[in-house]
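Open your viewer and get ready to click along. We will walk from stop to stop, selecting a few residues each time.

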Amino acid sequence: MTWYPDERTTAAANLAAVLGDGGFDSYAAFHAWSVEDRAGFWGDVVRRLGIVFATDPSSMLTGDDALHPGWMTGARLNIAESCFTAPGDALAVVHGRAGALRSVTYARLRDDVMRFAAGLDDLGLEPGDRVAIAMPMTYESVVAYLGTVWAGGTVVSIADSFTAVEIERRLRISDARLAVTQDRVVRGGRDLPMATKVIEADVDRAIIVHTGAGLPGRPRDLDWRDVAGDRLRPPTHTGPDHPTNILFSSGTTGDPKAIPWSQLTPIKAAMDGHYHHDIHPSDTVAWPTNLGWMMGPWLIYASLVNGATIALHDGTPTDRPFAEFVAEAGVTILGVVPSLVARWRTTGALEAVDWSGVRILSSTGEASNPSDMAWLAETAGGRPIIEYCGGTEIGGGYLTSTVLHPSVPSHFTTPALGLDIIMVDDSGAPADTGEVFLVPPSVGLSESLLNGDHDTVYYAGTPTAGGHPLRRHGDVVRRLPDGTYRVLGRADDTMNLGGIKVGSAELERAIVDTPGVVECAAVAVTDDQGGPSHLVVFAVVASAESPGAWADLFSARLRERLNPLFRVAEVVLVDALPRTASGKVVRRELRSRLDG
């Protein structure tokens, strides 16, 4: 199924307005300008989004260092202020469950943010101090997130699904001594501990949202209700490079990469929301996600900076109550993960639910299956799907779609505005199919890592263009004859499982000490139709269990040690793993065995 732009959609699109104002005769011309005059483009973005500055920048881009550009020189700001330019009585957040929804205005959210920021002051928080948030995507988590940024602190994003071991790893890497969490998470009718995991991770002090399960007892921890008082704290203004958020993205070895978001990264997220997802103040945006993944902060900024409403569902998105929430909350823009769509299609969760109010769908997190995406578009009433591919270190997408282009399931129609891409083959020559590299600079691209050499990770040994190194991303992309793009998978040893990026080394570390395992290698595979990846483990073992039994054992290890959402689809028993002369596992050979 292909959606074709209709006159009503295109006439009202944010892109149509900027094309007309700028005198561009086509989207292609606008995109070309956005990469030819990056300072001019991002200056226009700042104006259109209404970004609030305490001190305006003296220049939008200083110098010609593509790897470490000087964006918005001399500016002073607090990016959280730009989330509150909408009228105070406009709806900022709708949250809860169908039949019991609660609504919060921009004025109320702003007051709650300022009160929470004042409470952090009372706890001794200084600008730059790090506050972990490990809880579901709730109204309180939005307040804690923006309140920390408002106070000049740095949020440390931790997914609520992580085990205590993984939470401790992220607290240690970020040096976060204060955490915001809640007592429990209710999923599938089960009470799952949340605050207990954070306390087991040995955080110095926790602020705990009380949902009725009782608070874990440590005298130094605080009830959420006791933190925010009556004082409305003004925002702390800092420079553009001030870190507002530390997010984690799996690398191919060792600990996850700790990626700082600056004050400017949210501008990239909001721009993508404005132009590529066509978010208007009249929209209500729902995206089942978490602050532990980049789409959580993305949702906050892309919605609020554009004056829209965030819709937060209190529960799992897999079942019918979520579909009913989408309808009752008046969601107009709905983001999905392809694995979730496959689940809806299998279970019939969307049957007889009225989604006529949804005008745009978006898919991100993993490769999508064309059949599933066509089914979703048709089920939602023939709506366009914005395919969206990016990364934590980008602050948004590098490949995406627009409402000015036909929507083809599982196809991307354009590089994101302000960015360009080049695919190269194994010899390093430009090609229609190959590893994709980004052409820097752009607002949103990371410039540092908390626990690694940033330039080595993203630029060492990459091809060049215009005398500057291209930026490594790791996806393999194909440009099709019709000009659209398909993402074919990863060129490195990371993979996307259920929308969660994870490194093979992390998976192997979690399962290799299973009794009877000599060594193992994890690879991701997709079927011929594309779609979400499945985890296959090649293992050398010294005991007689069947492959199915090993799969169950490995899945249990991953649930216990890494993430309860991970599952091993298949175990292949081998006598030895193929390795290079230097001892590195040849994963390409392992994948070829599965293909054969």
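Begin with Ala352, which is exposed, since its relative accessibility is 82% and exposed means over 50%. Keep in mind as you look around that this is a predicted model. Ala352 lies in the loop between helix H12 (338-347) and E17. Its backbone is worth a look: Ala352 is not a glycine, yet it has a positive phi of about 60°.

**Another positive phi**

Now select Met72. Here too the phi is positive, about 55°, although Met72 is not a glycine. Is Met72 buried or exposed? With a relative accessibility of 1%, Met72 counts as buried, because buried means under 20%. You will find Met72 in strand E2 (residues 70-73).

**The open sheet**

Next, display the strands E4, E3, E15, E14, E16, E17 and E18. In that order, these seven strands form an open sheet with mixed pairing. Which strands are at the edges? They are strand E4 (100-105) and strand E18 (385-387), each of which pairs on one side only. Look along the sheet and you can see the strands turn: neighbours are rotated by 20° against each other on average, direction ignored.

Zoom in on strand E17 (residues 360-363). E17 pairs with E18 in the parallel sense, over three bridges. Select Leu361 and you will see Ile385 in E18 standing opposite. As a reminder, strands of a sheet pair through backbone hydrogen bonds, either parallel or antiparallel.

Then add helix H5 (residues 106-122), which packs on the sheet and touches strand E3 (91-97) and E4. The direction of H5 makes about 80° with that of E4.

**A helix with two faces**

Move on to helix H2 (residues 14-22). Colour Asn14, Leu15, Val18 and Leu19, the buried residues of H2. Why do they line one face of the helix? Seen down the axis of H2, the buried residues fall within an arc of 135°, so they line one face. In general, an α-helix has 3.6 residues a turn, so residues three or four places apart point the same way.

What do the buried residues of H2 pack against? Their partners are helix H1 (7-12), helix H3 (27-36), helix H4 (38-49) and helix H9 (265-276). On the face of H2 turned away from its buried side, look for the exposed residues Gly20 and Asp21. Just after H2 comes Gly23, with a positive phi near 75°.

**Aromatic rings**

Show the side chains of Phe24, Phe30, Trp33, Phe41, Trp42 and Tyr275, which form one aromatic cluster. Across the whole structure, a search finds 18 aromatic pairs. One of them joins Phe24 and Trp33, a tilted pair with 5.5 Å from centre to centre and 45° between the planes. Trp33 also pairs with Phe41: the ring centres are 6.1 Å apart and the planes stand at 80°, so this pair is edge-to-face. Trp33 is partly exposed, at a relative accessible area of 23%, whereas Phe41 is buried at 0%.

**Charges over rings**

Select Arg170 together with Phe162. The charged end of Arg170 sits over the ring of Phe162, 4.0 Å from the ring centre. Then try Arg471 with Tyr458, where the charged end of the arginine sits over the tyrosine ring, 4.4 Å from its centre.

**Last stop: a cis bond**

Finally, select Pro440 and Pro441. The peptide bond from Pro440 to Pro441 is cis, with omega near 5°. Pro441 lies in the loop between strand E23 (433-438) and helix H14 (454-459).

Methods
Residues numbered from 1 in each chain as written. Predicted model: local features only at pLDDT ≥ 70, side-chain atom pairs only at ≥ 80, totals over all residues. Heavy atoms only, no water. Phe/Tyr/Trp six-rings, centres within 6.5 Å; stacked < 30°, edge-to-face > 60°. Buried < 20%, exposed > 50% of the residue type's maximum accessible area, 1.4 Å probe, protein only. Lys NZ or Arg CZ within 6 Å of the ring centre and 35° of its normal. Pairing = 2+ DSSP bridges. Helix = DSSP H or I, 4+ residues; strand = E, 2+ residues; numbered from the N terminus. Axes fitted to C-alpha atoms, helices over the stretch in contact; angles between N-to-C directions. Contact = heavy atoms within 4.5 Å. Arc of directions from axis to C-beta.
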